[in-house]
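User: Hello! I'd love a close look at one part of this model, with the reasoning spelled out.

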Amino acid sequence: MGILELARQLGQAIQQQDCFKKIEQAKKANDADAELQNQIGEFNLARMSLDRALSEDERDDEKIKSLNEQLKAVYERVMQNPSMQAYNAAHAELESLVQKINTVINGAANGEDPFTIDVEGCTGSCATCKGCH
């Protein structure tokens, strides 16, 4: 079996994980949440208004400031929506799993023993690294 076939099998295994299933459920819940969809629509309209104001030949800095504040307020409402919070939590859980997988793959590609690579202590960011090598 080739390495790409193994990667495909890994992809299938990821899709069987609870964290993947949670994100799929959260996506469906987001799509069904009328309030969230309205908030997202409002956000998109606010973003388009800001983009238009920024592209005008004669920029109105007060208008841009007001539109930017409006955009931030709508964004906050979107992010506070329970459906969006559930989605973000599920997404973070899946990203954590993918990061651990990447840690193993990258470590193995650099010659480390894949069975001894610490995936719990590594965040994937060198800024938080205590020095694993």
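User: Is E120 buried or exposed? Please take me through its salt bridge and the others that involve helix 5 or helix 2.

Analyst: Happy to. Please keep in mind that this is a predicted model. E120 is exposed, because its relative accessible area is 61% and the cut-off for exposed is over 50%. The side chain of E120 meets that of K100 in a salt bridge, at 3.3 Å from N to O. K100 belongs to helix 5 while E120 sits in the segment after helix 5, so this pair links parts 20 residues apart in sequence. K100 itself counts as partly exposed, at 26% relative accessibility.

In total, the structure holds five salt bridges. Another of them joins K22 and E93, whose closest N and O atoms are 3.2 Å apart. Here K22 lies in helix 2 (residues 18-32) and E93 in helix 5, so the pair ties together parts 71 residues apart in sequence. K22 is partly exposed, with a relative accessible area of 39%, and E93 is partly exposed as well, at 35%.

Helix 2 also has a salt bridge within it: K27 pairs with E24, with 3.4 Å between the closest N and O atoms. These two are three residues apart in helix 2, so about one helical turn separates them. K27 is partly exposed at 38% relative accessibility, and E24 is partly exposed at 30%.

Finally, helix 5 (residues 82-109) packs with helix 4 (residues 61-80) at an angle of about 70 degrees, their axes 5 Å apart. That angle makes helix 4 roughly perpendicular to helix 5. V78, M79 and Q80 of helix 4 make the contact with P82, M84, Q85 and N88 of helix 5. Of these contact residues, four are nonpolar, three are polar and none is charged.

Note on methods
Residues are numbered from 1 along each chain as its sequence is written. This is a predicted model: local features need pLDDT of at least 70, side-chain atom pairs count only at pLDDT 80 or more; totals for chains, interfaces and linings use all residues. Side-chain values use heavy atoms; hydrogens and water are left out. Axes are lines fitted to C-alpha atoms, for helices over the stretch in contact, and angles run from 0 to 180 degrees between N-to-C directions. Helices (H or I, at least four residues) and strands (E, at least two) are DSSP runs, numbered from the N terminus. Angles under 35 degrees count as roughly parallel, over 145 as roughly antiparallel, 65 to 115 as roughly perpendicular and the rest as oblique. Contact means heavy atoms within 4.5 Å. Ala, Val, Leu, Ile, Met, Phe, Trp, Tyr, Cys and Pro count as nonpolar, Asp, Glu, Lys and Arg as charged, and the others, Gly among them, as polar. A salt bridge is a side-chain nitrogen of Lys or Arg within 4 Å of a carboxyl oxygen of Asp or Glu. Buried means under 20% relative accessible area, exposed over 50%, partly exposed in between (1.4 Å probe, protein chains only).
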